[in-house]
Amino acid sequence: MGDETVRITIDGTELQAEAGQTILEVARENGIYVPTLCYHPRLLPIGSCRLCVVEIEGADRPMTACTTQVQDGIVVHTHTDRLHRIRLDALKLILVNHPLDCPQCDAAGVCELQNLVFEFGIDQQEYQATKSAQGMKEFATPLIRQWGDRCVMCLRCIRADHEIVRTHAIDVVGTGNEAHVGITNPDACISCGECLRVCPVGALTERVSRTKARPWQSQKVLTTCHYCSLGCQLELTVFENKVIGVTAPEDRGANRGSLCQRGIFGYDFLHHPQRITAPMIKGAGQWKEVPWEEALSHTAAMVNKVVMGNGPEAVGGLISPRSTNEEIYLFQRFMREVVGTNNIDSTGRLCLEPHRLAIQEILGNNYLPYTLDDIIRGDCIVVAGGDLDANNNIIAANRIREALWRTGARLIVLHPRQGRLAEEADCWFSLRPGAEAIWALGMINLLLKDKEGWGPSVDGIKGFNELKEAAKEFTPAAVAKEIGCSQELVREAAGHLINAKQPAFVCSPPLGQGPNGVDQITALANLALLCGALTDTGEGGFHWVGPQSNMVGAVEMGAAPTLLPGYAPASERGLSSVEMFQAAAKRKIKALFIVGEDPLLTLPRSLVEEGLAALEFLVAQDMFLSETAERAHVFLPALSFAELDGTFTNCEGRVQRLHRALKPPEGLRWGGEIFAEVASYMGSEMTVVSPAAVFEEIINANPFYKGTMFDPHAPQRRNGSGGELLKEAAFGVVKTEQEQGKKDYPFYLSIEGIFSSHLIGHDHQRRAQVLAHVARSYLAMNAEEAAKIGVADGDRVRIVTPWGEMEIGVKGSEGMRKDCLCLSLALCNVDVSRLMGPQLDPRSLVPAYGRVPAKVEKV
Amino acid sequence: MVISLLTGIWWFIRGIGLLVASVFALLKGLRLTFTKFFSRPVTIQYPEKKREVSPRWRGIHYFERDCVACGLCVAICPSQCIRLVAVEQDDGERYPETYEINTVRCIYCGMCAEACPVNAIKLGRNYEFVDYQREALVLDKERLLANAPEEV
Ligand code: SF4
Ligand code: SF4
Ligand code: SF4
Ligand code: SF4
Ligand code: SF4
Ligand code: FES
């Protein structure tokens, strides 16, 4: 788009517009109504429905406003008799094949066609044509139904599939009157629901909820998605205290109306029959429902007993990064003030900490100011760590794709497997996890050689000479050999970075969750600093996308053994999650309070089992009787995200609100109230009034939240973002020596998706049932290697690591590094955590989810 | 003496006049009573005998045919007394899992019948609908189907 402004007149009003805007865009910006059907603001206009025709003085034929760009001085009329006739005819032609289905149609009441027909007052149409009836069919995904007869051929679904998600699962099939939307590649469909949400009529409908309700029977409640850290804004459609659908507003949040599979279809767990709604105490191996007072006073008494007998260090707490900021803040207050220990952790910290430490080392800052919007302004994008598509960070991946086709950005992907982004990448480095640092140093080596080509002067930055020295040995030849690619590829990637005006980095776990994990991120951040991706102004940027909705909030609220709220260092270091179970096994920790976490599924299993077995007292707070909760002594039922008021902090630092959409089952209370009551039974007062009041407390305790509001009028981010980011920048020191692979374990395994999939449930307890229905977890391995052990696609294999084994189906792929394995989890498998070892990265206190030594056997 | 006699006569005549006037008034008042007394009565011996209502009478609702759960009656109902839980079957067909009309709140306006695109809900000619509990006055799907008049 140009910066030039032009002046145009629409319906007698003189307006200013940017050159390059379409007439429709200008009209909409200025509140002038032009009917449309095939236009969608997120998609390229195709001008097919002809409802948006306008007359331009001097042009003899009417033009479609959605495709015509403004020109200086044009005079446009949007409502004339002639236009009305054209629109009326266009609409009648659309209605030729349209069934009189409204009473039975899901869209009725929110249907764009229905609204237009009403607006134009059509009660009959005189044209005739026959088209073969299509009835109702399953669409590219079983989660969506297609009603071909209701389709108006606006092609919005196909364009969303091709432009936003770029899966090419659907396309136009047939010609002329018989043309319809067909499924051309069902395997490519990722059930993202993008097509469903752009369809203006009832031709595509969801099939998660059996119950349906018209808009006048239901309410929409704006809230924040509780699955991943992108924090998409969504609206729950609530009918009789039941969520029956999810939509997303176009103008809020990082998602701009898009949602992923989990956000749009993953809500049925809210009404799961196995949900537990009463507190329980276990006696003689049997759960018994008890009144709240009894459960809470028993908990308090047991914790008190341990504190009296063994000191506060014998108590530990784990809180889920899907709890609200308010709950996490109160929980850490409970652990620190009431119990008196720093033994508190969250799996959110396990995902954020490596990144935080790397950024801390380089910028002296704890977080970065970038938003996902900044990605689109990047012209060379480096993606490292997890496969954003496989891990369901689709919204972030779609941003990158948008940058690719809208601005022609270059894409460099570092991942052992050729995922969807790698397929579209200019340079795909099939490197072993843990070799990111080597790659980064190789790039730095070439960038420094070509000093002239790129922008900011970096010689003055502390550590520059050391970096130069360190990068010396990473010549293209050395890097190519280490990574196992050609030297040309290394040079080409460096060339893209050198030519880039505004590079951007998008990283995600399991990057950093392996041996020397922090170093990998530090090395990438060094490169980002050198090539100018780290800016004060918020362009390009260095992004960290995580799997849990409140990953950032969990750490910022102080659910970390070393950090108090607002990243203030704790006076004494507590135990991290894994260490707590180690200590429990040694009988140093006697009581654990676990809120929403399921460590048996996400932390090294043998260690957790040993720890849990040795505990004197375990209290679990959850919606379901999870694997871990089953071994607890006291179970406290928890609220779902739809029943909670509170805030989440997403990966960009947006502080976003959760609104209570459902009335919780009788007696259930939010976490804050539970912690306060346990505290009062323990003899300490924690005054908890409401989430809003707790948020006020957070604002006072955490300087980064000063100025934010519980109920803001506009989207808000916690402050401290932006400003002089680079003032104290220094290049970090990176260790690159690699631990030798273990004998007999020829592969490096990375476990992806473990933190997001345990929420969907596992084979024995499917929580989000429809997601579980389409979820496919598999082991990706090189096709040749698979052939060597005699397995084909879909066959079951046994993965063996020094710590345990599990069985899973295999998916052979040509585009997979030979010595690597990727365990891609969409539905959790209770055995995955058996594969993990107890070693922690000494800096981040994170166990290894990447670079696990492994071998594969045929079952 | 003469004066007192004359006064007596005057009173006598006045008394007669008043008597005639009040008897006349009484008879006038009884005229309606007498005419009605000898005509046929308008009341009927309910419940032995029942009143015929006009064909356009709006009485208790019934389902004439299957409701497709479109929700239009819910939208139009001015007293908001219709509760509909629409459910989509596996074949995509919609049907009302729950359909209730709270006749205590209903004002018998007949708008629901007018809005129904498939002529499912109708207001019948039955007006006999009493119970000791309000709950019993909520019509559900089964009762609405059972309410359908025989001749239909
Ligand atoms: S798509 Fe719209 S117009 Fe067509 S049947 Fe459905 S509600 Fe009616
Ligand atoms: S669900 Fe997503 S991937 Fe599947 S057809 Fe629709 S847009 Fe394409
Ligand atoms: S299915 Fe919906 S979005 Fe796709 S072409 Fe038909 S009407 Fe348009
Ligand atoms: S991308 Fe993340 S936040 Fe957005 S809908 Fe999906 S899971 Fe939810
Ligand atoms: S009774 Fe008629 S108007 Fe009411 S929901 Fe059923 S079909 Fe629709
Ligand atoms: S909206 Fe412009 S042609 Fe359809």
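## Where two chains meet, and what sits around the ligands

Let's start at the border between the two chains: six salt bridges are counted between chain A and chain B. One of them is easy to look up, since the side chains of B:Asp90 and A:Arg207 come together there, with 3.9 Å from N to O. Keep in mind as you look around that this is a predicted model.

Polar contacts can be counted across the same border, and there are 10 residue pairs of that kind between chain A and chain B, both partners being at pLDDT 80 or more. On the side of chain A that touches chain B, the elements giving two or more residues are strand 7 (144–147) and strand 11 (211–212). Sort the residues on that side of chain A by type and you get six nonpolar, three polar and eight charged.

How big is the whole border? The size of an interface is often given as the accessible area lost when the parts come together. Here the area buried between chain A and chain B is about 1600 Å², and carbon and sulfur atoms supply 44% of that. In terms of residues, 17 from chain A are in contact with 22 from chain B.

Now go back to strand 11 of chain A, because it is part of a pairing across the chains, as DSSP finds at least two bridges between strands that pair. Strand 11 is joined by two bridges to strand 2 (residues 82–88) of chain B, and the two run antiparallel. Want a spot to click on? Try A:Lys212, which stands opposite B:Ala86 in strand 2 of chain B.

Next, the ligands. Which residues are found around ligand 1? They are A:His98, A:Asp101, A:Cys102, A:Cys105, A:Ala108, A:Cys111, A:Leu113, A:Val201 and A:Gly202. By type, this shell splits into six nonpolar, two polar and one charged.

Ligand 2 has 13 residues surrounding it, and the closest are A:Asp161, A:Thr167, A:Cys189, A:Cys192 and A:Cys195. Helix 4 (156–165) and helix 5 (194–198) of chain A are the elements that give two or more residues to this shell. Its residues divide into eight nonpolar, three polar and two charged.

Around ligand 4 you'll meet several cysteines, including A:Cys225, A:Cys228, A:Cys232 and A:Cys260. Other residues there include A:Tyr227, A:Arg262 and A:Ile395. The shell of ligand 4 comes out as eight nonpolar, two polar and one charged.

Salt bridges aren't just a matter of the border: over all chains, the structure holds 56. Take A:Arg356 and A:Glu353, whose closest N and O atoms are 3.1 Å apart in a salt bridge. Why are these two separated by about one helical turn? Because they are three residues apart in helix 9 (residues 347–363) of chain A.

Finally, have a look at a few details of the backbone. The peptide bond from A:Pro509 to A:Pro510 is cis, with omega near 10 degrees, and A:Pro510 sits in the loop between strand 22 (503–508) and helix 16 (517–531) of chain A. Chain B has a cis bond as well, from B:Tyr46 to B:Pro47, with omega near 0 degrees. You'll find B:Pro47 in the loop between helix 1 (2–38) and strand 1 (61–63) of chain B. And then there's A:Leu155, which isn't a glycine but has a positive phi, near 65 degrees. A:Leu155 lies in the loop between strand 7 and helix 4 of chain A.

How values were computed:
Residues numbered from 1 in each chain as written. Chains lettered and ligands numbered in written order. Predicted model: local features only at pLDDT ≥ 70, side-chain atom pairs only at ≥ 80, totals over all residues. Heavy atoms only, no water. Contact = heavy atoms within 4.5 Å. Buried area = accessible area lost by both parts, 1.4 Å probe. Salt bridge = Lys/Arg side-chain N within 4 Å of Asp/Glu carboxyl O. Polar contact = N/O pair within 3.5 Å; in protein donor to acceptor, adjacent residues only side chain to side chain. Helix = DSSP H or I, 4+ residues; strand = E, 2+ residues; numbered from the N terminus. Nonpolar A, V, L, I, M, F, W, Y, C, P; charged D, E, K, R; others polar. Near = heavy atom within 4 Å.
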